[in-house]
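Biologist: I've just opened this structure and I'd like to learn how to read it. Could you walk me through a few features?

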Amino acid sequence: MPRPFYTDPEFFRLDMQAVFEARWIFAGLSCQIREPGDFFSFEIGETSVIVCRDRERQVRAFFNTCRHRGSIVVDQPCGHKSSFVCPYHHWTYDLGGRLVRAPNLDPAADKSRLGLRPVHIRDIAGLIYVCLADAAPDIEPLAAVLAPAAAPHALANGKVVHSVTLHERGNWKLVMENARECDHCQAGHPELMNTLLIFDFADPWSDPYIASFWQRCEAAGLPSVTRDGADFRVGRMPFKEGNLSITMDGQPAVARRLGDRPEQDIGSLRFTHYPSMFGHIHADYAIVVQMLPKSAEETTVTCHWVVHSEAVEGVDYDLERLVQVWRETNDQDRRLVERNQRGVRSVGYRPGPYAEASEHGVWTFVEWYARTMQEFAAPAACPAAAR
């Protein structure tokens, strides 16, 4: 795309309105809030969101802004609370968002109308998505594909054992584009390429190794064949022959397996959802990556490593061995994105063509982005927006 799409603050403002404030965004994992009162908070642009588990064990989400005068209620990124107390004037909300205490509130005021504003939320097989819009778009197409594919791995019963947050000096679209192709992998990711299989993104069926792998997995009850939606791709892929996980030596990093599938040779469930995430779930662990914009030229990238809830560090896994490949890969991608951002700032930058096969994923993402922005700019002219 032309330079302003990656550098201009006005384009960024439109991105926030049309994409991040209007569509489903990946928030985190349900295993991060296992017990009632557990919570985490995060920011989508300038909007802070609280995600928690209430006393009935339901996953809830609220705008992190007090209904009194708008102060941020929760400052901590995660923790456990019996209620949410705004530190400004001590308005207090229960885990369901209801206002339960408000010193000096006018007796005529209706407390029932002054709870924390809810945010749309959906838990899909342990992956939590939220939407800031008043009316959320349909998330069922994603849920119908991702839920049965991820269910055998029981992410909701896992635990996050390591997280890394990178503050990348690059536009969020460059971060997503980088994640949607592997033309750069051979030279850019030596650790990852020990095990990762490169394939024809547009037509994986053309590879007999992949086709036979899919047939074995589907026969074993694992939904595996790649499925594409308007804003997602979900599919299971094998590793390079002889490898069982994404580690330096290709062997499992965790003795306890995720979910109810003890078989090792089940490859990696790969999934992406525009605009904010991608993930890989292996037999022994999962990594889930969240990408959220901070400004026209800044993106926050957070990666979580998930293992079986009963896996014990030092007994069932070595943390350094578990995280090494993706830690290096994420930092390599950060450097590549930042070089890309520096390059597109140049007055000499002109967009070049995508490679039809190896950059099919980039093309698909950019087409989705263009349609989304067109619908936002001219909703009356776009049938999809009218629906």
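**Reading the model, feature by feature**

Modeller: Let's start with one residue: Thr247 has a relative accessibility of 0%, so it counts as buried. Keep in mind as we go that this is a predicted model.

Biologist: Where does Thr247 sit in the chain?

Modeller: Thr247 belongs to the loop that runs between β13 (232–237) and β14 (268–273).

Biologist: Which side chain does the side chain of Thr247 make a polar contact with?

Modeller: That partner is Asp249, with the two side chains in polar contact at 3.1 Å. The Thr247 side chain also reaches a backbone atom, the oxygen of Gln251, at 2.7 Å.

Biologist: Now salt bridges. How many does a search of the whole structure find?

Modeller: The search turns up 20. To read one, look for a side-chain nitrogen of Lys or Arg within 4 Å of a carboxyl oxygen of Asp or Glu. Take Arg13 and Glu10, whose side chains form a salt bridge with N and O 2.6 Å apart. Both residues are in helix α2 (residues 9–20), and they are three residues apart, about one turn of the helix.

Biologist: Are Arg13 and Glu10 buried, exposed or in between?

Modeller: For that, under 20% is buried, over 50% is exposed, and partly exposed is in between. Arg13 has 38% relative accessible area, so it is partly exposed. Glu10, with 40%, is partly exposed too.

Biologist: What about Asp134 and Arg117?

Modeller: These two form a salt bridge, and their closest N and O atoms are 3.6 Å apart. This pair links distant parts of the chain, 17 residues apart. Asp134 is in the loop between β10 (127–131) and α3 (140–150), while Arg117 is in the loop between β8 (99–101) and β9 (120–124). Asp134 counts as exposed because its relative accessibility is 68%, whereas Arg117 comes out as partly exposed at 41%.

Biologist: Which residue forms a salt bridge with Arg334?

Modeller: Asp331 does, with 2.8 Å between the closest N and O atoms. The two lie in helix α7 (residues 319–344), three residues apart, about one turn of the helix. Arg334 has a relative accessibility of 18%, so it counts as buried, and Asp331 is partly exposed at 24%. Salt bridges can also share partners, and here they join Arg169, Asp331, Arg334, Arg335 and Glu338 into one network.

Biologist: How should I read the record's label on residues 24–130?

Modeller: Treat it as an annotation. The UniProt entry, which is unreviewed, gives "domain: Rieske" for residues 24–130. In the model, the C-alpha atoms at the two ends of that span lie 5 Å apart. The span is 0% helix and 40% strand.

Biologist: Last topic: how many cavities of 30 Å³ or more does a search of the whole structure find?

Modeller: It finds one. About 100 Å³ of space lies in the largest cavity.

Biologist: Which residues line the largest cavity?

Modeller: Read a lining in two ways: by where its residues come from, and by their chemistry. Among the lining residues are Glu168, Val175, Phe278, Met291, Asn330 and Asp333. The elements giving two or more residues to this lining are α4 (172–179), β16 (286–295) and α7. As for chemistry, the lining of the largest cavity has seven nonpolar, two polar and two charged residues.

Biologist: So helix α7 holds Arg334 and Asp331, and α7 also gives residues to the lining of the largest cavity.

Modeller: Right, and that's a good place to begin your own look around.

Definitions and conventions:
Residues numbered from 1 in each chain as written. Predicted model: local features only at pLDDT ≥ 70, side-chain atom pairs only at ≥ 80, totals over all residues. Heavy atoms only, no water. Helix = DSSP H or I, 4+ residues; strand = E, 2+ residues; numbered from the N terminus. Buried < 20%, exposed > 50% of the residue type's maximum accessible area, 1.4 Å probe, protein only. UniProt positions renumbered as here; feature names shortened; annotations may be inferred. 1 Å grid on protein atoms, 1.4 Å probe; cavity = no way out; pocket = protein on both sides within 12 Å on 5 of 7 lines; lining within 4 Å. Points joined across faces, edges and corners; volume = space filled by probe spheres on them. Nonpolar A, V, L, I, M, F, W, Y, C, P; charged D, E, K, R; others polar. Polar contact = N/O pair within 3.5 Å; in protein donor to acceptor, adjacent residues only side chain to side chain.
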